[in-house]
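This briefing introduces a structure to a reader who has not met it before. Please look at the strands and how they are arranged.

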There are 2 protein chains.
Amino acid sequence: MAIEEKNADEIFKEFKEQSITQFFRKNSQMLGYSGKVRSLTTVVHEYVANSLDACEEAGIFPEISVEVKEVNESRHLVTVTDNGPGIPQKHIGKALASILSGTKFHRYLQQRGQQGIGAGGCTLFAAITTGKPIHARSGTGKGSFECDIAIDIKTNKPLITNMKTTLEDFRGTSVSGEFGDTKYERSDHGVFEYVKRTALSNPHATIKLIEPDGKETVFPRSVNEMPKRPKQTKPHPLGINARDLLDFAHVTDKGNISSFLMESFSRVSAAKIDELRGIAKDINFDKKPRELTWPEAEKLVEVFKSVKWIAPETDSLSVIGAAQMETAMLNIINPQFISVTERKPKIFKGGIPFVVEAGIAYGGDAGKKTEEGTKGTIMRFANKVPLLFDGSVCAITEAVNQIQWKRYGIRDFGDEPISVFVNISSVYIPYNGIGKQAVSQEPEIIEELKLGIMECARKLQIHINKQRNMHVRESRYKTIMRYVGQLAADLSDITGENKGQIESSLKHIVESKYDMGKEDADEEAVESASSDSSAEE
Amino acid sequence: MAIEEKNADEIFKEFKEQSITQFFRKNSQMLGYSGKVRSLTTVVHEYVANSLDACEEAGIFPEISVEVKEVNESRHLVTVTDNGPGIPQKHIGKALASILSGTKFHRYLQQRGQQGIGAGGCTLFAAITTGKPIHARSGTGKGSFECDIAIDIKTNKPLITNMKTTLEDFRGTSVSGEFGDTKYERSDHGVFEYVKRTALSNPHATIKLIEPDGKETVFPRSVNEMPKRPKQTKPHPLGINARDLLDFAHVTDKGNISSFLMESFSRVSAAKIDELRGIAKDINFDKKPRELTWPEAEKLVEVFKSVKWIAPETDSLSVIGAAQMETAMLNIINPQFISVTERKPKIFKGGIPFVVEAGIAYGGDAGKKTEEGTKGTIMRFANKVPLLFDGSVCAITEAVNQIQWKRYGIRDFGDEPISVFVNISSVYIPYNGIGKQAVSQEPEIIEELKLGIMECARKLQIHINKQRNMHVRESRYKTIMRYVGQLAADLSDITGENKGQIESSLKHIVESKYDMGKEDADEEAVESASSDSSAEE
């Protein structure tokens with residue numbers, strides 16, 4: 001039928017609302033479900049990130065198993081099992097089959113998951129592509145249960161069926177789902193690479209992957225120390241905007257604006273309040289926070305920027321740790337050479353702390369094996385989560401590209417057995433775009449990333465120079481040694497001395513001259529490289 | 001405070017839900033609010049697209065005014081006023097300040113807006129960046145009203161204040177809002193370019209833009225015909241997946257599966273049902289649709305693909321129209337040469353119709369003026385909406401790049417005064433990624449885009465050849481004419497004939513040889529080019 005011309009009332013007869021689940025059903029690419037390979041990786045990512053977060057919060061060394069079975073070419077059964085704290089029975093539905101709910105998004109705390117979307121998104125994706133509920137089993141140490149969970153697309157509510165409780169002594173969570181429109185592939189964007197890189201950035205975890213062909217790979221725990229726990233901190237006055245300030249003010253239980261500011265933000269002392277009062281004379285710091293207006297909030301944010309602050313606390317950050325990174329890289333990449341660094345926290349946009357960790361592995365299994373030889377590779381991480389997509393627009397890629405690798409003995413980054421590993425940690429990672437797969441190319445972030453990578457590159461250069469000098473010395477040594485016999489015979493003829501003795505003395509001289517342990521020349525080369533690169537900094 | 005190790009109950013004490021508005025507050029880049037220039041363009045786009053949709057639905061020639069005023073460098077007041085059908089007072093709140101509600105998303109109909117997010121997203125963006133409500137004024141022809149509207153971020157509900165109703169005879173809607181984190185710029189991604197391109201693709205509309213410096217530009221209506229109204233059609237069996245089929249079946253009021261299929265889908269006849277029954281023997285076509293199971297839905301979708309169908313109806317599509325496009329391009333670009341085409345509808349993924357319209361403008365104000373001269377430019381549209389971002393990953397860009405422009409007389413596309421204009425229309429545009437600014441690079445779409453563009457390019461070639469041949473003839477003519485005087489004098493000496501007469505005869509011969517109207521050579525060139533390019537097709 002043709003649509004007739006309509007007046008406003010007729011048009012608005014059609015007015016309807018849709019649920020967030022209906023929205024994401026039509027826009028599942030927003031959640032990472034675009035492309036068959038990426039969709040499968042997204043499912044594994046969501047479950048593994050939840051497992052790691054839960055284990056960390058409960059202080060448990062994670063033991064995670066990921067199994068992908070092929071149902072058919074474009075349909076896979078994914079099972080992720082952990083030894084975490086478990087999910088209480090009364091929360092299982094919302095935890096796994098409701099979008100925009102969770103334990104994480106409302107805390108100012110660095111975590112892998114932050115949106116309350118991940119697991120619910122998986123359940124939705126299963127519903128869209130196979131119509132099947134997911135199966136969950138969980139135990140908190142006081143008995144366990146298992147059930148099927150679907151998501152009601154119209155209402156965004158979980159639908160639980162087949163609930164069975166047992167007394168079985170199982171602690172942890174196991175989630176299993178069948179997903180269509182998926183493809184298993186051992187590419188840079190696939191599940192294997194995702195799991196391998198997750199193991200690299202989480203050396204305190206044991207992760208097992210069982211691939212569709214039955215092949216089992218275990219990335220065992222390589223450090224016996226839990227990562228430093230991040231603290232839930234207060235935001236810094238330089239990291240807040242007027243909207244957030246106003247919203248905080250309207251829900252606080254503090255009696256006046258002064259005490260609200262001191263209690264809700266870090267680094268706000270009584271002395272600072274006096275200083276702020278002196279500048280923002282129009283604002284009554286003694287009135288109730290809920291009486292704060294937008295213009296006053298804007299004014300405060302402006303005034304915050306005009307005074308000096310102690311830098312924000314940085315113990316909200318949870319890093320991998322240089323020693324841990326090194327152990328993991330040695331274990332998994334097994335390179336000839338390795339260098340890692342954990343930089344000091346830096347501040348982004350004035351008030352948001354972040355930390356860069358970088359590592360370079362060279363030789364051995366470093367780089368990426370291809371048919372045309374080994375290529376340089378960049379492994380990007382944000383809050384220890386591997387970023388496998390959108391590399392071309394990422395600040396980390398940009399930082400690697402901006403470095404003049406020739407200065408560090410790497411003639412062509414693309415053509416050498418080198419892996420650059422970078423992890424950026426922050427409560428607020430400035431992602432570029434929507435897929436959360438690339439870090440925004442902010443100059444202050446790129447700069448700090450470069451400093452971290454160059455720090456490792458300088459150590460790599462020492463190694464490469466050493467190797468090259470060693471090689472040069474070795475070939476000179478060999479060349480000279482070839483003439484020692486003849487020279488000894490000639491000298492013996494001329495002097496009448498014993499040829500064997502002359503030869504032995506000559507060899508001794510040559511050997512002491514070309515001592516393979518000698519490093520003076522290298523040290524010099526390194527020093528000059530160091531000052532060279534500081535100019536670049 | 002440090003976070004203590006927690007058990008599951010302690011962890012889940014923190015369990016909370018957030019509203020869709022809270023989610024988009026933290027992820028406003030998902031709605032197009034990323035970067036100051038783009039954010040401002042997004043606001044204008046949302047309001048203008050709503051105005052155009054409403055006018056079209058009500059059968060009114062749109063007259064839209066867009067005004068951008070600078071509040072300060074990074075804050076702008078945007079006012080968009082239309083002469084559309086208006087918004088009924090009881091719907092104004094939800095229409096402008098609730099996310100995921102609207103009149104459009106649940107209809108199988110080609111429209112600009114389709115998500116129920118646009119205007120609500122603007123209200124949210126104002127709330128985040130300036131804390132101000134938007135101001136709306138609307139009249140449906142029976143009195144009018146104005147009010148302020150904010151969005152309650154926690155509940156996703158509209159908050160209306162200062163409602164005033166009047167008897168004023170105003171018909172239309174005017175929305176005005178103050179937005180921060182914005183920048184006005186006359187770049188390829190800015191508001192001016194957006195409005196200009198919207199005028200190009202909507203020649204039935206008059207659009208006025210008042211820029212922050214007070215400059216007023218009017219793009220007047222250039223055609224006196226409303227665009228063909230799209231019909232709300234039924235989906236084609238080849239354009240449906242199991243999830244949608246099942247959901248349709250579970251809400252239909254039809255008594256059995258046969259009648260459900262015939263009523264809900266296009267091209268399903270009683271004879272087709274018999275054919276389907278013959279193949280899907282396991283499925284009982286006489287049972288209630290709500291008893292359809294997922295495996296049966298999957299089976300049906302599979303069986304749909306195995307039988308022959310009449311192609312889908314294509315009157316769900318609303319195109320610009322070749323004549324309308326040409327008029328608009330002449331008006332706005334004022335080129336030396338223009339060629340446009342409206343292709344026949346094609347089918348995407350077996351069941352989704354789409355139409356490509358293409359145009360090429362050459363010379364005059366075509367191309368993009370830069371300091372280094374005029375550059376070739378691509379103007380991309382989807383459902384008549386200009387796409388200003390993410391061009392590098394768009395199928396339209398890819399199609400233009402794949403064309404061997406040299407064959408059409410364009411030596412270097414990047415370096416000529418040429419504008420390629422492409423509009424793709426479909427109920428379901430396969431966008432690439434999340435920003436809805438690029439069409440997915442599907443081979444069948446790129447192919448059809450190329451055919452459309454090449455059709456115009458062949459006509460451009462005729463024009464260019466004509467110009468070049470004209471130029472060659474002109475310069476030969478001038479060269480020969482230079483010798484005519486001398487030759488006439490020499491011949492006069494030899495023969496004793498009158499010099500003036502000889503000269504006049506010679507001139508006549510030359511002029512008839514180099515007749516500027518003669519086109520045979522051109523025609524030949526064109527023919528061969530045509531067959532050349534058909535090989536490319």
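In what order do the eight strands of the open sheet in chain A stand? The order in this predicted model is β7-β6-β5-β8-β3-β2-β9-β10, with mixed pairing. The points below begin with that sheet and then turn to strand β8 of chain B.

**Edges and twist of the sheet in chain A**
- Strands β7 (157-166) and β10 (216-219) of chain A are found at the edges; each has a single partner strand, so one side of each lacks a neighbour in the sheet.
- On average, neighbouring strands of this sheet are turned by 15° against each other, direction ignored.

**Pairing at the β10 edge of chain A**
- Strand β9 (residues 206-210) of chain A pairs with β10(A) over four bridges, in the antiparallel sense.
- Within β10(A), Glu216(A) is the bridge partner of Ile210(A).

**A helix on the sheet in chain A**
- Helix α3 (residues 36-58) of chain A packs on the sheet and touches β2 (63-72), β3 (75-82) and β8 (171-180) of chain A.
- The direction of this helix makes about 10° with that of β3(A).

**Strand β8 of chain B and its partners**
- Strand β8 (residues 171-180) of chain B is mostly covered, with eight of its ten residues buried.
- Strand β3 (residues 75-82) of chain B runs antiparallel to β8(B), and eight bridges join the two; His76(B) has Phe179(B) as its bridge partner in β8(B).
- Strand β5 (residues 134-140) of chain B is also antiparallel to β8(B), joined to it by six bridges; here the bridge partner of His135(B) is Ser176(B).

Terms used
Residues numbered from 1 in each chain as written. Chains lettered and ligands numbered in written order. Predicted model: local features only at pLDDT ≥ 70, side-chain atom pairs only at ≥ 80, totals over all residues. Buried ≥ 20, exposed ≤ 12 C-beta atoms within 10 Å, placed from the backbone. Pairing = 2+ DSSP bridges. Axes fitted to C-alpha atoms, helices over the stretch in contact; angles between N-to-C directions. Contact = placed C-beta atoms within 7 Å.
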